[in-house]
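Let's take a walk through a protein structure together, one piece at a time. Have a look at the sequence and the 3D view, and then read on.

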Amino acid sequence: MEYDHVREVDPEVADALAGELDRQRETLAMIASENHVSKAVLEAQGSALTNKYAEGYPGERYYAGCEYADDVEELAIDRAKELWGAEHVNVQPHSGTQANMGVYLATLDPGDKILSLSLTHGGHLSHGHPANFTGQLFEVEQYEVDPETGYVDYEGLAETAEEFEPDMIVSGYSAYPREVEWERIQQVADDVGAYHLADIAHITGLVAAGVHPSPVGVADFVTGSTHKTIRAGRGGIIMCGEEHADDIDSAVFPGGQGGPLMHNIAGKAVGFKEALQPAFGEYAQQVVDNAEALSDQLADHGFSIVSGGTDTHLVLVDLRDSHPETTGGDAERALEDVGIVLNKNTVPGETRSPFNPSGIRAGTPGLTTRGFDEAATREVADIIARVVEHHDDEDVKAEAAEDVAALCADFPLYEE
């Protein structure tokens with residue numbers, strides 16, 4: 001990956017691209033929403049399909065010359081149906097947020113009511129935060145996790161739904177480490193006459209592999225990202241029953257987007273084919289096993305793990321008990337200094353600003369793609385504990401950086 005053509009035209013961008021590739025090779029990606037796609041997906045996303053406008057849907061385009069665009073989109077749709085067992089799939093959303101927008105536009109009017117999990121408890125901006133279009137267009141009420149257990153307070157959710165009478169209940173989360181009881185939330189939605197949107201952005205791959213329960217066929221709508229645990233082309237996806245197909249498709253195009261990003265859809269198609277292979281199931285199970293190992297090892301070092309563990313790909317750490325003077329921002333910066341890239345994160349019962357909160361969120365999809373097993377992941381947990389404990393000690397950080405460099409060498413990424 002020398003970027004010869006880019007370098008000839010634009011050396012500055014070529015330098016940035018080469019630097020980013022080196023950064024990924026030389027650091028451990030532990031942001032839970034990040035992963036490393038295959039060279040095949042990278043090649044598809046950098047293909048000549050980036051040149052093609054394909055407004056509309058396969059067989060019903062507004063422009064000529066879409067025969068190969070149709071082939072690619074149909075492959076992505078068919079493979080998604082096979083992966084998740086959905087009746088109808090739209091692969092055109094540019095992101096998980098755009099997928100959520102498509103569902104809202106298909107089902108709600110401005111001023112309608114959405115019930116969703118609070119952002120500080122693990123929800124997402126596109127579920128109703130006031131800074132997002134959802135919070136500006138809709139009336140939003142939020143449920144929470146039980147601060148004692150770290151699990152979704154399903155009884156509180158039901159009580160709030162009965163009082164609030166929402167038009168839409170949103171499940172699926174960005175910083176929630178436990179399995180979601182989709183049927184239980186669907187029952188609440190049925191009881192109050194609301195739609196149920198399950199946003200599986202983080203766990204698309206875990207659901208596809210069967211290592212997390214699926215909301216497909218349970219919730220009215222399922223949305224997701226296609227570049228996280230599923231390791232496909234960057235973008236979003238919507239799944240629903242046939243009765244909602246026309247409304248969803250119209251809401252995506254022309255309702256919320258113009259021409260689809262066909263090169264990204266090609267990346268989705270390739271990634272979905274990879275996910276249909278038996279090896280992907282082994283990968284997804286290893287992601288969960290590694291997250292459990294990470295959680296257990298951090299707990300052994302005295303860290304407080306929200307909910308006491310994990311069932312998914314991520315671990316949420318509350319630093320207030322073990323390191324009350326250390327913020328999530330302190331930990332994030334110190335860990336980045338040594339080559340471990342994760343993110344500061346709010347925790348249930350947050351007492352600090354969301355810009356410098358009390359927790360950190362760590363994920364294992366990227367490590368697992370590089371080949372990490374539980375033993376190697378425990379080594380990473382040991383380094384994290386050491387750096388957080390001594391985040392101002394440059395000698396400790398220098399030694400930790402050497403350990404990270406050794407792990408990167410042992411588990412190389414994008415070898416030429």
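Keep in mind as you explore that this is a predicted model. A good place to start is strand β5, where we can look at one bridge: Leu-115 has Ile-169 as its bridge partner in β7. The strand β7 covers residues 168-171, and it runs parallel to β5, with 2 bridges joining the two.

β5 also pairs with strand β6, which spans residues 139-143. Here 5 bridges join the strands, and again they run parallel. To find this pairing on your screen, look for Lys-113, which stands opposite Glu-139 in β6.

Is β5 mostly enclosed or open to the outside? The strand is made up of residues 113-117, and 4 of these 5 residues are buried, so β5 is largely enclosed by the rest of the structure. Buried here means that a residue has under 20% relative accessible area.

Now let's move along the chain to a pair of helices. Helix α15 takes in residues 374-389 and helix α16 residues 394-410; their axes lie 10 Å apart and the helices pack at an angle of about 165°. Because an angle over 145 degrees counts as roughly antiparallel, α15 is roughly antiparallel to α16. Their crossing is left-handed.

Which residues meet where these helices touch? From α15 come Glu-379, Val-380, Ile-383, Arg-386 and Val-387, and they meet Val-396, Lys-397, Glu-399, Ala-400, Asp-403, Val-404 and Leu-407 of α16. Sorted by class, this contact holds 7 nonpolar and 5 charged residues, with no polar ones.

Technical notes. Residues are numbered from 1 along each chain as its sequence is written. This is a predicted model: local features need pLDDT of at least 70, side-chain atom pairs count only at pLDDT 80 or more; totals for chains, interfaces and linings use all residues. Side-chain values use heavy atoms; hydrogens and water are left out. Buried means under 20% relative accessible area, exposed over 50%, partly exposed in between (1.4 Å probe, protein chains only). Helices (H or I, at least four residues) and strands (E, at least two) are DSSP runs, numbered from the N terminus. Two strands pair if DSSP finds at least two bridges between them. Axes are lines fitted to C-alpha atoms, for helices over the stretch in contact, and angles run from 0 to 180 degrees between N-to-C directions. Angles under 35 degrees count as roughly parallel, over 145 as roughly antiparallel, 65 to 115 as roughly perpendicular and the rest as oblique. A crossing is left-handed if the near helix is turned anticlockwise from the far one by less than a right angle, and right-handed if clockwise. Contact means heavy atoms within 4.5 Å. Ala, Val, Leu, Ile, Met, Phe, Trp, Tyr, Cys and Pro count as nonpolar, Asp, Glu, Lys and Arg as charged, and the others, Gly among them, as polar.
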